[in-house]
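Got the viewer open? Let's take a short walk through this one, from the whole chain down to single residues.

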Amino acid sequence: MMACLTPKRMIHRWQFFIAFLLLLQCPTTLAFVDYGGGGRRFERLQLLCAEHLSDKNDLILNKHSRLCLAPMMDYTNRDFRTIMRLISSNILTCTEMVAADDLLSNKSNDNIQHLLGQSSIIPEGPSVLQLGGNDATQLYNCAKLYHEYSQRNTCEYTAININCGCPSPSVSGKRCFGAALMKDPKHVNKLIRAIYDGVDGTLPVTVKCRIGLWDNNETPFSRQAYDSISDEKEYQKLKEFIEVIANDGIVTHFQIHARIAVLGGLSPADNRRVPPLKYEYVHRLVQDYPELKFVLNGGICSLTQAKEVLDEDNALAGVMIGRGMVADPWSFAMTDELIFGKVKGDRVQHQPLCTNRREILEAYGRHADHEELHNNPATIRRSLVAACAHLFAGEINAKQFRMELDEIANRPERLEREAKAKVWSGSSSGGIIGASSTLASAFAVSSSTSSSGGWDNIQPTEASTSTSVWDDIQAIDDNTKWDENEPPLSELILEAAHRNFGDEILSSSRKESYDKKVWEEEEGRRRMSKGDIILSITEKSSSNYDKDNSKVSGGVVDGWFNNGLN
């Protein structure tokens, strides 16, 4: 036996062993490890490492699914996800839906970073990338693009989710994906396989869906017609969808919004209000398919509600919340203690968990300043500011704080518009057409602008080198930098917080804030039970909630957003 282990073969075996250990720590090593004549072993090694990574991410997914941030268009971008990560180290965050054609139509680094990127300063930790599309080739290419991008950048998601639940007409209507995919579960399986193959099997693939579908184009929807359908018949149809999806063995995690999706008849907002919630369907799935994981979504807006649901059904994998977190993120500050049961050493890749809102703003400020340093503030500031706008929801002066943030958010755009107006004012009074003889006198961006700072430093030149006003405007976009005299965004946000809130609010601990929130919710329920609805609505309105689009339900706000939650 020993005679067979020639020095050459022993070297190969050691190479194989060392390569395997390296790949367990860093899958990108695969591109650099090879040895002659070992092609088949090389492929087996790649497969083993892919399975290891998938199993590792499955464990993370199982652990952190207890409370999930729902995907919401225009809300759950990387800035807001950064805020939630500073509040809880365990919440499973989810991106906005990334439409396949939006990603593939523009493969520039800026667009990829915008759609797939995570914070470079605050590690995101357990997180899910949601993709939307109905073409298997497109979704394969999206998954492959992310897989390659993640190996070159600080971007790492725990799983990829496919959107089978969004009822928006622009998604499920014109583009035929989202909730519309529930019509054809076998096609969904092809899409899942394409995503799984695109990431070489290194990431779990999950499905977010509704409990059913009503196509208004086939049969006009009415509550009376819907109520006439047997619950058992509706549930059996949901079971069929789950069984077809799970049959391929790739998907074991489902996030289910416990309402049907009405296509072609209701707006996204009405799709969250008109169809009734049927939590019992999800609880039955948990019992019928113990080998699968189910996360309940829909109608749950507070940490207290989430805990009650999880306590009632221990077999439930978790709860997903969208609008409640966006409307009042700090109310979820006790998530790690109450939902995950861990407080000691709460860290996400060495990122300390913030203990109060001052610390959150300070940590988030580092992320915001880094983003503005590497991007045009006029393009990204609004998103950066919006992410922390509701951090003080319900506090006195919260509305004034948001008004000040709005001014801070608008300043870069305003200065950019003023800079472009200077260019236009220097052009011919006759406009662009027929004004070629006067374009040379237009205002141009000085070559020293980028070093001397500021859109206010744009100076006219006697003979602009640009051939049109459009060139000068483009030069503003390309060459101008933020005014060096302008304080960093982190400082502006902190100053606004200090002007509007006392040290007691800024320094209140997570537990103190949660206890206050619980008391407010109990007071809301008590007043509602006494029929004191007008007083409750008045108080919630004065607490800076949207008066026109919200209603009080058990001390929390329902109906806050008109789009985004799928």
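**The whole chain**

Start with everything shown as a surface: its accessible area comes to about 26,400 Å², and 52% of that belongs to carbon and sulfur atoms. Keep in mind that you're looking at a predicted model.

Now switch to a cartoon view, where you can pick out 24 helices and 13 strands. The chain has 566 residues, and 52% of them are buried. Take the contacts between residues at least 6 apart in sequence: 75% of these join residues at least 24 apart.

**Stop one: a strand under cover**

Select residues 253-263, which make up strand 7. How many of its eleven residues are buried? Eleven of the eleven are.

Next, add residues 205-215, and you have strand 6, which runs parallel to strand 7 and is joined to it by eight bridges. To see one pair in this part of the model, show Lys208, which stands opposite Gln255 of strand 7.

Now bring in strand 8, residues 293-297. Strand 8 also pairs with strand 7 in the parallel sense, this time over five bridges. Click on His253 and look across to its bridge partner, Lys293 in strand 8.

**Stop two: a residue in a helix**

Move on to helix 8 by selecting residues 185-198, and find Asn189 within it. Is Asn189 buried or exposed? Its relative accessible area is 14%, which is under the 20% cut-off, so Asn189 counts as buried.

To see what surrounds it, show Val244, Ile245 and Asp248: Asn189 is in contact with these three, leaving aside its neighbours within four places in sequence.

How values were computed
Residues numbered from 1 in each chain as written. Predicted model: local features only at pLDDT ≥ 70, side-chain atom pairs only at ≥ 80, totals over all residues. Heavy atoms only, no water. Helix = DSSP H or I, 4+ residues; strand = E, 2+ residues; numbered from the N terminus. Buried < 20%, exposed > 50% of the residue type's maximum accessible area, 1.4 Å probe, protein only. Contact = heavy atoms within 4.5 Å. Areas by Shrake-Rupley, 256 points an atom, 1.4 Å probe, with all protein chains shown as cover. Pairing = 2+ DSSP bridges.
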